[in-house]
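Please look over the sequence and the model below, paying attention to the charged side chains and to the surface. The paragraphs that follow lead through them in turn.

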Amino acid sequence: MPPVIGLPDLELKSIEYDKKIYVEARLRERPNCIRCGSQRLHIKYSFNRSINHSRLGNQVMVVRYRSHKYKCLNCGRYFNLKIQGVLPKRRSSESFRLEVFESHGGGVSQKYLSETHDISHATVERWYKEFIKDRISELSGRKVPLVLGIDEHFFSKKKGYATTFVDLKNHKVFDVVLGRSEKSLEGYLKKLPDRDRVRVVVMDLSSTYRSIVRKYFPNAKIVADRFHVVRLLNQQFLKAWKQFDPIGRQDRGLLSLMRRHYENLSPEQEKKLEKYFAKYPYLKVLWEFKHKLHDLMRLKTLSKQGAWKKIHELLPMLDDLKQSPIEALKTLGETFYSWRDEIGRMWRFSKTNGITEGLHNKMEMISRRAFGFRNFENYRMRVLALCGWNGVINRTRKYI
Ligand SMILES: [Zn+2]
């Protein structure tokens, strides 16, 4: 008789189709004593086991077999029959639970799974948590990444912000920690083993994070994050515009034109913009200046000399900004000046926290699907289990 697929210790006796698919099975071979390996076993007593095993089409497959408690006549040891793919006392096989976990992780709701797999909502939740816990314990031995991204994201109204540490090389969340001040991150960072090995930290222009990184990642070079640099540039530029023409700033069509990169303007749009600039000649100067700056900030993977040359293009522009009577531009000039080294390194580099931003979107979805998390540790576990790895259970690990 052939073995039951996924349960190699059992062989098929018969199949009955009803509301579920009932597979009658029996042991393929008598087991050996788990202590001494003897075949001289006495069956102490027997009982029926009924295991949810897998889904076939729209039906759940139930495998039924007779299980035994043995006594070894050689060494006297008592033991229960164990078969591969089914853990003691469970009423479903490991592959069945894996199926539920993966579907739920992929977005299938508890309600839906409870119907397709004929289990309760609570069971879906419990299995899901068990797998997550498993994943976390596997992740706990990871090394701190060589290229680390640090960014904040909003957690909850009550608890405020959290800091995300991202492995930028592998596009995975390394960890999330509640808070964004040195005080709230201190405890975590002090305990982080081999943080000396971090070579590069990419982050937004936050002076708090900068001082934290200098203190806790002594061998890391800090790189400004292009994504945030460009965003800040755009924000300050829009603020400056507002000061010149508050009414024009509210015009949505105009806003879209002003935001657009000059390369993406159609001839018609260009004309529109020129017409607007005719009224405010200074805005044109500002607009051109911003684009020059923007083009600079988009540079990447430059050579050392290349970056050096660009820094000397940047510095006089920052001087101009710092002397500007417009508050938004002055702030921009001062911020960029204080981050000139990190911006110079950004040009040598290609990674950005755009990766982190993508992960943040995923994390927000996790939170939304759980209707928000009150407990940060639960949130952290969920995030690590879903964004700390690729979401697919390792195929070399046996679940059957
Ligand atoms: Zn024995």
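Is arginine 64 buried, partly exposed or exposed? With a relative accessibility of 28%, arginine 64 counts as partly exposed, where buried means under 20% relative accessible area, exposed means over 50%, and partly exposed lies in between (1.4 Å probe, protein chains only). The model is a predicted one, in which local features need pLDDT of at least 70 and side-chain atom pairs count only at pLDDT 80 or more, while totals for chains, interfaces and linings use all residues. Residues are numbered from 1 along each chain as its sequence is written, and side-chain values use heavy atoms, with hydrogens and water left out.

A search of the whole structure finds 23 salt bridges, a salt bridge being a side-chain nitrogen of Lys or Arg within 4 Å of a carboxyl oxygen of Asp or Glu. One of them joins glutamate 24 to arginine 64, with the closest N and O atoms 3.1 Å apart. Because glutamate 24 lies in strand β3 (residues 21-27) and arginine 64 in strand β5 (residues 59-72), this pair ties together parts that are 40 residues apart in sequence; helices (H or I, at least four residues) and strands (E, at least two) are DSSP runs, numbered from the N terminus. Glutamate 24 is partly exposed, with a relative accessible area of 24%.

Between helices, the side chains of lysine 215 and glutamate 182 meet in a salt bridge with an N to O distance of 2.8 Å. Lysine 215 belongs to helix α5 (residues 207-216) and glutamate 182 to helix α4 (residues 182-191), so that the contact ties together parts 33 residues apart in sequence. Lysine 215 is partly exposed at 49% relative accessible area, and glutamate 182 is partly exposed at 24%.

Within a helix, glutamate 125 forms a salt bridge with lysine 129, the closest N and O atoms being 3.5 Å apart. Both residues lie in helix α3 (residues 121-139), where they are 4 residues apart, about one turn of the helix. Glutamate 125 is partly exposed at 22% relative accessibility, as is lysine 129 at 43%. Salt bridges also link Arg90, Glu94, Arg97 and Glu130 in a network.

The surface also carries a nonpolar patch, formed by Phe244, Tyr282 and Val285, with about 260 Å² of accessible area together. Patches are made of residues with over 30% relative accessible area and no salt bridge, like charges being joined within 9 Å and nonpolar side chains (Val, Leu, Ile, Met, Phe, Trp, Tyr) within 5 Å, and accessible areas come from the Shrake-Rupley method with a 1.4 Å probe, only the protein chains shown counting as cover for residues. Of this patch, valine 285 is found in helix α10 (residues 281-297).
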